[in-house]
Amino acid sequence: MESIGGTILVGAIVLALVGLVIAKLIRDKRNGKSCQCGGDCSKCRGCH
């Protein structure tokens, strides 16, 4: 029973971290900070 509790705890922590990363990506996209050109403006369409 103890190993199941540890697995559930670790799974919950990983799920929370993934949720935070996804929320950050969405927030950045809404704020216009999701540039895909790597900073080379000749390869993008004005993402900065």
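Me: How much area does the protein chain expose, and what share of it do carbon and sulfur atoms supply?
Reply: The model is predicted, and in it the protein chain has one helix and zero strands. Of its 48 residues, 6% count as buried. The chain exposes about 4,400 Å², of which carbon and sulfur atoms supply 65%.

Me: Which residues form a nonpolar patch on the surface?
Reply: One of the patch members, Ile-26, is found in helix H1, which covers residues 2–30, and Ile-26 counts as partly exposed because its relative accessibility is 42%. Together the patch residues have about 400 Å² of accessible area, and they are Val-10, Val-14, Val-18, Ile-22 and Ile-26.

Me: Which residue forms a salt bridge with Asp-28?
Reply: A search of the whole structure finds one salt bridge, and its closest N and O atoms are 3.0 Å apart. Its two residues are four apart in helix H1, so about one helical turn separates them. The partner of Asp-28 is Lys-24.

Me: Is Asp-28 buried or exposed?
Reply: The cut-off for buried is under 20% relative accessible area. Lys-24, with a relative accessible area of 42%, is partly exposed. Asp-28 has a relative accessibility of 17%, and therefore Asp-28 counts as buried.

Definitions and conventions:
Residues are numbered from 1 along each chain as its sequence is written. This is a predicted model: local features need pLDDT of at least 70, side-chain atom pairs count only at pLDDT 80 or more; totals for chains, interfaces and linings use all residues. Side-chain values use heavy atoms; hydrogens and water are left out. Buried means under 20% relative accessible area, exposed over 50%, partly exposed in between (1.4 Å probe, protein chains only). Accessible areas come from the Shrake-Rupley method with a 1.4 Å probe; for residues, only the protein chains shown count as cover. Patches are made of residues with over 30% relative accessible area and no salt bridge: like charges are joined within 9 Å, nonpolar side chains (Val, Leu, Ile, Met, Phe, Trp, Tyr) within 5 Å. A salt bridge is a side-chain nitrogen of Lys or Arg within 4 Å of a carboxyl oxygen of Asp or Glu.
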